[in-house]
Amino acid sequence: MAIAKAERLMNLALCLLGTRRPLSKRELRESIEAYVEAFGPGPGTAGSDESFSRMFERDKDDLRELGLVIETVENLDGETGYLARRDSNRLPPITLDAEEAAALGLAAKVWQQARLAGAASGALQKLRAAGLPEDVDPYEAHGALEPRIPVHEAAFEPLMLACRDRRPVVFDYRKATAAHPEPRHVEPWALECWRGHWYLAGFDRDRGAERVFRLSRITGRVRSRGGRFTAAVPDVVTVRETVASWAGETADRSALIRLRSGAGYPLRAKATAVRELGDGWDELEIPYGHGLDAWLVEFGPDVVVLEPAELRADVVDRLQAVAKG
């Protein structure tokens with residue numbers, strides 16, 4: 001079985017590398033012997049077509065994990081095609097010194113507990129092939145460090161692939177102030193981790209503007225859509241600034257809150273002034289930026305917003321939405 005799969009992947013890779021134009025699923029199904037033997041040369045029953053589609057998607061993902069750059073292109077008839085350009089799959093010689101190899105090795109370790117663990121391990125093997133000595137442990141000098149990126153949301157992997165491949169997506173999203181989710185059509189730009197939560201930055205087609213979505217609020221399955229992006233993708237720095245802004249990283253005002261003693265240490269770390277009120281409460285002045293209301297809600301009954309009134313109203317709205325389910 002392993003040999004048969006390896007041969008099928010090799011034939012698919014050769015087809016994608018050897019074509020000068022994008023090939024559709026139908027053309028690839030008719031061109032690769034393993035697909036023809038398993039599913040026939042053309043469209044068959046609904047069950048066989050669905051089985052072929054699943055196998056093709058798995059094969060395509062496997063080739064991408066192995067490092068093959070596969071482009072997704074939509075032709076004039078609206079049909080999706082695939083190809084792997086030779087210039088995109090040709091790497092220049094790579095030379096790493098000990099410090100560079102150790103840094104990249106440590107970065108690979110970050111993904112050890114995520115769905116990308118296999119890809120990270122493969123990348124580390126490539127680093128060793130590029131010059132990292134076998135007897136050098138890239139983690140040894142940093143033994144006290146255990147970097148981890150928590151990835152619990154099912155939406156992470158499909159969104160990561162959509163960002164990489166520049167594919168529009170559709171998903172159901174529940175805002176903190178809403179009782180029910182609603183569909184969002186998004187051109188995904190980048191994923192950012194902030195305060196232990198993952199956020200997607202992208203262009204919201206329904207609203208015609210850039211938006212940031214917290215992955216934990218995405219419900220159901222992330223569905224890919226054909227076609228190209230309609231909005232220009234900002235550079236990495238701009239995307240990160242957008243994520244930080246919408247997640248509440250930036251602040252241009254101050255807010256006054258009452259915080260229960262012994263609680264809310266992340267808020268205390270951000271406070272610019274703290275005053276003991278007695279009876280188990282403190283008064284804090286904290287930076288007030290976009291997204292602060294969502295953060296304050298996480299502390300539940302330990303926080304009471306005193307001012308400004310608009311922030312207090314936003315927090316009350318979010319709490320009422322949570323109470324409604």
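Helices here are DSSP runs of H or I with at least four residues, numbered from the N terminus. The model on screen is predicted.

**Stop 1: the sheet.** Select strands 4 to 8. They form an open sheet of five strands in the order 7-6-5-4-8, and the pairing is antiparallel. Colour strand 7 (209-214) and strand 8 (218-224) separately: these are the edge strands, each with a single partner, so one side of each has no neighbour in the sheet. From one strand to the next, the twist averages 45 degrees.

**Stop 2: strands 4 and 8.** Keep strand 8 selected and add residues 169-173, which make up strand 4. The two strands run antiparallel and are joined by four bridges. For a residue pair to label here, pick Val-170, which stands opposite Arg-223 in strand 8.

**Stop 3: the helix across the sheet.** Now select residues 156-165, helix 7. This helix lies across strand 4, strand 5 (182-194), strand 6 (197-204) and strand 8. Relative to strand 5, helix 7 runs at about 90 degrees.

**Stop 4: the cavity.** Move to residues 292-297 and 309-324, which are helix 10 and helix 11. How many cavities of 30 Å³ or more are counted? The count is one. The largest cavity has a volume of about 30 Å³. To display its lining, select Leu-296, Val-297, Gly-300, Val-303, Val-315 and Leu-319. Helix 10 and helix 11 each supply at least two residues of that lining. By residue class, the lining has five nonpolar residues, one polar and no charged. Gly counts as polar in this scheme, and Gly-300 is among the lining residues.

Notes: Residues are numbered from 1 along each chain as its sequence is written. This is a predicted model: local features need pLDDT of at least 70, side-chain atom pairs count only at pLDDT 80 or more; totals for chains, interfaces and linings use all residues. Side-chain values use heavy atoms; hydrogens and water are left out. On a 1 Å grid over the protein atoms alone, a cavity is a set of points where a 1.4 Å probe fits but cannot get out, and a pocket is an open set with protein on both sides within 12 Å along at least five of seven lines; lining residues have an atom within 4 Å of a point. Grid points are joined across faces, edges and corners, and a volume is the space filled by probe spheres set on the points. Two strands pair if DSSP finds at least two bridges between them. Axes are lines fitted to C-alpha atoms, for helices over the stretch in contact, and angles run from 0 to 180 degrees between N-to-C directions. Contact means heavy atoms within 4.5 Å.
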